[in-house]
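Got your viewer open? Let's walk through this model one selection at a time.

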Amino acid sequence: MNDHDRKNCKALLGTLSEYIDGELPAELCAEIEKHLEGCENCRVVLNTTRRTIDLVHAPADEGVPDDVRERLFKRLNLDDYLRPIK
Ligand SMILES: [Zn+2]
């Protein structure tokens with residue numbers, strides 16, 4: 001994966017939760033979907049994040065504190081994707 005793609009991934013993953021929540025403008029969603037088509041890495045992260053959010057949003061888990069959510073993300077190794085690019 002080249003540096004340009006890495007930057008696109010970083011930008012995409014930074015807006016992932018908004019994208020999943022449907023809070024992004026249509027043109028940005030279109031860009032994200034275009035990137036996802038060509039980037040398996042981001043598709044995997046998207047699916048994993050969606051599952052995590054489903055877990056967090058499950059009725060039994062209402063009011064999950066941020067630190068629990070953070071631990072979930074860590075367990076899923078999403079930290080690797082959220083680290084700044086060197
Ligand atoms: Zn990507």
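**Stop by stop**

Start by selecting C29: this cysteine is buried, with a relative accessible area of 15%. Keep in mind as you click around that you're looking at a predicted model.

Next, pick C39. Is C39 buried or exposed? At 7% relative accessibility, C39 counts as buried, because the cut-off for that label is under 20%.

Now show the zinc ion. Which atoms hold on to the zinc ion? You'll find C9 (SG), H35 (NE2), C39 (SG) and C42 (SG) coordinating the zinc ion at 2.0 to 2.3 Å. Turn the view a little: the angles among the 4 donor atoms run from 106 to 113 degrees, and the site is tetrahedral. Along the sequence, the donor residues follow the spacing C-x25-H-x3-C-x2-C.

Stay with two of those donors, C9 and C39. This pair links distant parts of the chain: C9 sits in helix α1 (residues 3–14), while C39 lies in the loop between α3 (26–38) and α4 (40–57), 30 residues apart. Both C9 and C39 are buried.

With several cysteines on show, how many disulfides are there? The count is 0, going by the rule that the two sulfur atoms must be within 2.5 Å.

Next stop, the greasy part. Select L12, L13, L16, Y19, I32, L36 and C42: these have the most contacts inside the largest nonpolar core, which has 13 residues. Helices α1, α2 (16–21), α3 and α4 each supply at least two residues of this core.

Finish by zooming in on L36. Leaving aside residues up to four places away in sequence, L36 touches L12, Y19, C42, R43 and L46.

Definitions and conventions:
Residues are numbered from 1 along each chain as its sequence is written. This is a predicted model: local features need pLDDT of at least 70, side-chain atom pairs count only at pLDDT 80 or more; totals for chains, interfaces and linings use all residues. Side-chain values use heavy atoms; hydrogens and water are left out. Buried means under 20% relative accessible area, exposed over 50%, partly exposed in between (1.4 Å probe, protein chains only). Donors are N, O and S atoms within 2.8 Å of the metal (3.2 Å for Na, K and Ca); water is not among the atoms, so sites may look incomplete. Four donors count as tetrahedral if all angles lie between 85 and 135 degrees; four count as square planar and six as octahedral if opposite donors are over 155 degrees apart and all others between 65 and 115; anything else is irregular. Helices (H or I, at least four residues) and strands (E, at least two) are DSSP runs, numbered from the N terminus. A nonpolar core is a set of buried Ala, Val, Leu, Ile, Met, Phe, Trp, Tyr and Cys residues joined through side-chain atoms within 4.5 Å. Contact means heavy atoms within 4.5 Å.
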